[in-house]
Amino acid sequence: MSTLPDGTRDWLAGPGLDRLWKAARKRLEGNGLEAKGSLRISDLGMQERTALSQLLGRTLTSGTVTVRLDALDARLRGSAAGLGLADTLRALGHPLTDRRTIRAVAEARRERVWSAVAARLDASPLRAEAWARQWYDWLRRTGLPKGVAPETAVPALQQAVHLLTVLLGAEQPVTRGRGELAAETTGSAHGLDDGTWLARLVQRGIALAHGVEFPDDAAGRRALWRLAAVTPDEVSSTVLVYGLRPIGEGWRERSLRERASQHAEAHLTLRDLHAFPLALPPGTLVRICENPRVVEAAAEARCRRPLVCTSGSATTVVLTLLDALAADGCRFAYHGDFDWPGLALANRIMQRYAASPWRMRAEDYEQLAARTQERGVPQLPLAGPPVVAGWDPGLTPAMSALGIALHEEVTLDLLVDDLGEP
């Protein structure tokens, strides 16, 4: 690297020229490291004015100066520095990055990605499909996700084209499971799991091909897969229920009624819910809880009222069941944990189903907190940012004031009493 004479370097590195070098570095990095254009520096102090006057070879009489970079470059070359502007900056310890070249290289890498995808589409049976062009245009608009390098994007995008060809290029699609399809086309049964980039790419193509909106929830994405004859896993996730007595004489309805009469809980899968329309008598009040222990306690006490458990944050299978019950005219009452995540889930359920609060008001919280303190129950502090309870404006302030988290397990006796009423 070129160097400066010690005395010259010390003078150029003085505080009077610091703003000049910073501005010059920024300008050079943006224009390909070429000394062209000009800089305007305002509000000069006396020290800066003196230093700039000596460097530029002219007396500055105002607090603002305009510096042409080509003139500064020539001035430095003809001075004791003997280096141009870029080399002078480097010698002063200001590393330079050619951002324009970096941008050009990055753009060229991205263009190679799009060219590779276009070539794969043109060579596929999808080349004449209008939706395939829309899919390609969508790719160009959205670009690559953060953290996905162009080198790794190309095989993923080509894989997506192959999958869309398999699913949408045949007149009679073959029904298959999503895990099976993923294993056949990616080598991994999890290659098309919800949330992966490849799954999103394929789902976007399916939505465009069928002229439907891209869904924003898991249930909608499952429905999208079915449009392409792909069946998602519908048996691994379940919803815990108790006391459901559906109308109908099918074996599933009879089985649920029998379990309810025996005070036994049941686990329903998405496959169950899709196989038969589960209907309760219109107007039935269905209680909803957050924790499975409430179901267990209800079964132990031989309660009769119907109960659905979200088991924490309500998953697709939970929402599918509740949607079906809501469509049949059921009413809902919800109870969950008195902590901030619990209130967030309660807001979600109550807003979606117009559910009533079930022992979830401010007075319920305050009475429960007093009871646990009287019994010497260890106090669990609230953690995280507060959540506003949409059904009771007084609940969040009450919880913030006491600062105590209360889970459903500490109110089991009250909930069981409610469930046991005739």
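A cavity is here a set of grid points where a 1.4 Å probe fits but cannot get out, and its lining residues are those with an atom within 4 Å of a point. In the predicted model examined here, the structure holds 1 cavity of 30 Å³ or more, and the space in the largest cavity amounts to about 40 Å³. The lining of the largest cavity is made up of Val-241, Tyr-242, Gly-243, Leu-244, Leu-256, Arg-259, Ala-260, Ala-264, Glu-265 and Ala-266. Strand β5 (238–242) and helix α12 (251–261) each contribute at least two residues to this lining, and the largest share, 3 residues, is supplied by α12. By class, the lining residues comprise 7 nonpolar, 1 polar and 2 charged.

Helix packing was examined for three pairs of elements, taken in sequence order. Helix α3 (residues 46–56) packs with helix α4 (residues 69–77) at an angle of about 75°, the axes lying 10 Å apart; an angle of 65 to 115 degrees counts as roughly perpendicular, and α3 and α4 are therefore placed in that class relative to each other. Their contact is formed by Gln-54, Leu-55 and Leu-56 on the α3 side, which meet Leu-72, Arg-75 and Leu-76 of α4, and this contact has 4 nonpolar, 1 polar and 1 charged residues.

For helix α6 (residues 99–122) and helix α7 (residues 130–142), the axes come within 11 Å and cross at roughly 170°, which makes α6 roughly antiparallel to α7. In α6, the residues Glu-111, Trp-114, Val-117, Ala-118 and Leu-121 meet Ala-132, Trp-135, Tyr-136, Leu-139 and Arg-140 of α7. Divided by class, the contact of α6 with α7 has 8 nonpolar and 2 charged residues, with no polar residues.

Further along the chain, helix α14 (residues 292–300) and helix α19 (residues 412–420) pack with their axes 10 Å apart and at an angle of about 55°, and α14 and α19 are therefore oblique to each other. The crossing of α14 and α19 is right-handed. Within this pair, Arg-293, Val-294, Ala-297 and Ala-298 of α14 meet Leu-412, Leu-415, Val-416 and Leu-419 of α19, so that, with Ala, Val and Leu counted as nonpolar and Arg as charged, the contact has 7 nonpolar, no polar and 1 charged residues.

Terms used
Residues are numbered from 1 along each chain as its sequence is written. This is a predicted model: local features need pLDDT of at least 70, side-chain atom pairs count only at pLDDT 80 or more; totals for chains, interfaces and linings use all residues. Side-chain values use heavy atoms; hydrogens and water are left out. Axes are lines fitted to C-alpha atoms, for helices over the stretch in contact, and angles run from 0 to 180 degrees between N-to-C directions. Helices (H or I, at least four residues) and strands (E, at least two) are DSSP runs, numbered from the N terminus. Angles under 35 degrees count as roughly parallel, over 145 as roughly antiparallel, 65 to 115 as roughly perpendicular and the rest as oblique. A crossing is left-handed if the near helix is turned anticlockwise from the far one by less than a right angle, and right-handed if clockwise. Contact means heavy atoms within 4.5 Å. On a 1 Å grid over the protein atoms alone, a cavity is a set of points where a 1.4 Å probe fits but cannot get out, and a pocket is an open set with protein on both sides within 12 Å along at least five of seven lines; lining residues have an atom within 4 Å of a point. Grid points are joined across faces, edges and corners, and a volume is the space filled by probe spheres set on the points.
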